[in-house]
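Subject: Structure for your files

Hello,

I am passing on the structure we discussed, with my notes underneath. Please read them with the coordinates open.

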Protein chains: 2
Amino acid sequence: MATKSMVATLGIPLTPKTFHVAVVGVGLVGAEVIRQLQALDAIHFRLVALSSSKSLLFNPDGLTPPRSYSQIPAAPWNWKAELAASKRKADLQFLLRELPELRERPRQEVVLIDNTSSLKVAELYASFLREGIHVVTPNKKAFSGDLDWYEEILEAALHAGVRLLNEATVGAGLPVISTLKDLIATGDQVTKIEGVFSGTMSYIFNEFSTGREGGPSFSSVVRVAREKGYTEPHPADDLNGVDVARKLTILSRLIPSLCSALPAGYESVSTRSLIPPELEGVASGDEFIRRLPDFDAQFDKLRQEAIREGHVLRYVGVVDVETGTIKADLEKYPVTHPFATALGGSDNIIMIHTARYGARPLVIQGAGAGAAVTAMGVMSDLLKLS
Amino acid sequence: MATKSMVATLGIPLTPKTFHVAVVGVGLVGAEVIRQLQALDAIHFRLVALSSSKSLLFNPDGLTPPRSYSQIPAAPWNWKAELAASKRKADLQFLLRELPELRERPRQEVVLIDNTSSLKVAELYASFLREGIHVVTPNKKAFSGDLDWYEEILEAALHAGVRLLNEATVGAGLPVISTLKDLIATGDQVTKIEGVFSGTMSYIFNEFSTGREGGPSFSSVVRVAREKGYTEPHPADDLNGVDVARKLTILSRLIPSLCSALPAGYESVSTRSLIPPELEGVASGDEFIRRLPDFDAQFDKLRQEAIREGHVLRYVGVVDVETGTIKADLEKYPVTHPFATALGGSDNIIMIHTARYGARPLVIQGAGAGAAVTAMGVMSDLLKLS
């Protein structure tokens, strides 16, 4: 009884629809999505395709035996070995031909999960959607590029009557996009969104700028962050602010008055890069790290200025709906502000100001990066489909 | 194009299903639900019934003309006048007979929205669910009472293949229940939930205990809270901790290992009442407020003790999954803790500790009471149905 109750309580679907799932991208997030999908123990999700950038597994009847056939838990499925041994080359066009056939019988649905950050995969969303295939992804590219492209994708979903879900593109598993959609869909007026959207930037400034005198140099904080795997291999890919600009684009486009505000996507966002001009174009991450200490004095000066005012530095994203300002910038906040007091590690924090919430915003905070929580964002979208 | 895009982006349903909506309870929350429902401008929701505790409006074809018939926006519908003038008496049994007929044609669904806090309405959920009617509600009664009753209701929903959604029972419009469900459904292990769950208790202790010397007396804070309408007419109904115990019951029952932990519901929660024993049973709220200053010294002593330790007092709810502890209690937190630094007004804050989120919890914060945000929680559930 408890089990049944749990099923009903958790809203695990009661419908007999079968969802055929194709997973593209088997890196850290992809592997975790596969793990969570296996653990889900819901027979209405059937993994039919698995693709790395090199090879592909495909079986319309499911890559693993249906749960109902195996009463005892099987040994964990060694998909890595199977994928490595596959003779089938990775081929998105093949999936685009084969997947639609799986939905020809009634109550059969097909979902593409794109765990890559590839532009090439994103460019095929519209084609998959037009074929009646749902798309779920943590890949920001399609949502933060040119507006025309974005609208083409939305139109494709709309006309085919399928969903395109991207909760994990902002705040990973944190319920940021779904909450913003709920606020807007139920008629609230969003006035401002302000937050620390990059786990990497969060870590760097939580360590670098505490509001107290002293502390490590900027370059040493970036070096340690890189060693811990918190940055991209080339730290400039975090320090350029593009990740934050992409997330702001994704959120802005959900707000009615801003849905057409960024014609060139993230490139239309006013973005402050923290890359010293002299290091622009340095191709090697190692060289970048080696030369970064030359600029420590500049960052230290900013930190000192902040301390004198009782402030800390935080790299934030701001969407000010009233003024239409959308910017990714290094800002100062009082040491008593939640961006100073409540953050730690590589936390994200997102404050949503609305008419209903009045002077005190709705706040969502927690790890905004990492494979397990990103995969959770993907999986929660998958559960929403059913 | 932008409009269509928004529709797809917001996930406003693409299905041609019609949802017949029956609204029971037209107090502050109910009125706001009706307002938000009217503003939703989604033709697939059709308001067919509206009931106060006295009278009822019912029209299977919809109480207002379908949007498609009226190209120009009509004057706001004066439902209050219409309901007051209705000759039909409030009659839940009538709804239980009539509503099921609306779903006899294909793709017709029926939803009961219960905006009351009535036990009598809650006692009929199982009957409505068995008839294939979805139930959406901010009413905590059915979810925080006896376990047998709760399981009967879940079974009814499960067998009829309909949903029972109660996002607004905890944290009003804050995405607490949906997030907890997502965490669990995707396989995360919840280890602890800790939070300020009562807007009233939040206001009282944010004002009373700031960590600094001095400040207003406990009784004066409660008096002002009552004058501002933040408390129930009888403040003892907030100070007894039952509201927090009910919310903890609702959350605990979503956690697999605790789903049967509270056989008597909120009465099984270890709850500290802040009502001085001498004032137990004082029937009048006015008398209660008049006599409360007699106990200021006791509360002041607690506040002083906290200050000496560098702490503040907060009335919190804790669900410790590992130890199985579920308690509503007055606790001390360091002045640097988010419960001390980040809260203001009548904010709720909920920290969810899980295996995936590790040492730093997922945090959700914002207004946890009020008609507009409570109605939003109801409306977001309604949108989830479609």
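Strand β12 of chain A and strand β12 (residues 362-367) of chain B run antiparallel and are joined by 3 bridges. Within this pairing, Q365(A) stands opposite V363(B). Please keep in mind that the model is a predicted one.

The β12 strands sit in the middle of an open sheet of 12 strands, whose order is β8(A)-β10(A)-β9(A)-β7(A)-β11(A)-β12(A)-β12(B)-β11(B)-β7(B)-β9(B)-β10(B)-β8(B). The pairing in this sheet is mixed. At its edges are β8 (270-271) of chain A and β8 (270-271) of chain B, each of which pairs on one side only.

Some detail on the strands of this sheet follows.

- In chain A, β7 (residues 190-196) and β11 (residues 347-354) are antiparallel, with 6 bridges between them. K192(A) has H353(A) in β11(A) as its bridge partner.
- In chain B, β8(B) and β10(B) run parallel and share 2 bridges. T271(B) is partnered there by A328(B) of β10(B).
- Also in chain B, 10 bridges connect β9(B) and β10(B) in the antiparallel sense, and D320(B) stands opposite T325(B). The hairpin of β9(B) and β10(B) has 4 residues between the strands, and G324(B) takes a positive phi near 75° in that hairpin.
- Helix α9 (residues 199-208) of chain B lies across β7 (190-196), β9 (311-320), β10 (325-334) and β11 (347-354) of chain B. The helix runs at about 150° to β9(B).

Now the contact between the chains. Chain A and chain B give 63 residues each to the contact. About 5,200 Å² is buried between them, 67% of this area coming from carbon and sulfur atoms.

How many salt bridges are there between chain A and chain B? The count is 2, while the count over all chains is 32. One that links the chains is formed by the side chains of R360(A) and D347(B), at 2.7 Å from N to O. D347(B) belongs to strand β11 of chain B and R360(A) to the loop between β11 and β12 of chain A, so this pair joins two chains.

Polar contacts between chain A and chain B come to 10 residue pairs, counting those with both residues at pLDDT 80 or more. On the side of chain A that touches chain B, the elements that give two or more residues are α1 (2-9), α2 (28-40), α7 (147-160), α8 (176-185), β12 (362-367) and α16 (371-385). The residues of that side divide into 35 nonpolar, 16 polar and 12 charged.

Chain B also has an open sheet of 6 strands, in the order β3-β2-β1-β4-β5-β6 and with mixed pairing. Its edges are β3 (56-58) and β6 (164-165) of chain B; each has a single partner strand, so one side of each has no neighbour in the sheet. Inside this sheet, β1 (residues 18-24) and β2 (residues 45-51) of chain B pair in the parallel sense over 6 bridges. F19(B) stands opposite F45(B) of β2(B).

Regards

Methods. Residues are numbered from 1 along each chain as its sequence is written. Chains are lettered from A and ligands numbered from 1 in the order in which they are written. This is a predicted model: local features need pLDDT of at least 70, side-chain atom pairs count only at pLDDT 80 or more; totals for chains, interfaces and linings use all residues. Side-chain values use heavy atoms; hydrogens and water are left out. Two strands pair if DSSP finds at least two bridges between them. Contact means heavy atoms within 4.5 Å. Axes are lines fitted to C-alpha atoms, for helices over the stretch in contact, and angles run from 0 to 180 degrees between N-to-C directions. Buried area is the accessible area (1.4 Å probe) that two parts lose on being put together, summed over both. A salt bridge is a side-chain nitrogen of Lys or Arg within 4 Å of a carboxyl oxygen of Asp or Glu. A polar contact is a pair of N or O atoms within 3.5 Å; within protein, one must be able to donate a hydrogen and the other to accept it, and residues adjacent in sequence count only if both atoms are side-chain atoms. Ala, Val, Leu, Ile, Met, Phe, Trp, Tyr, Cys and Pro count as nonpolar, Asp, Glu, Lys and Arg as charged, and the others, Gly among them, as polar.
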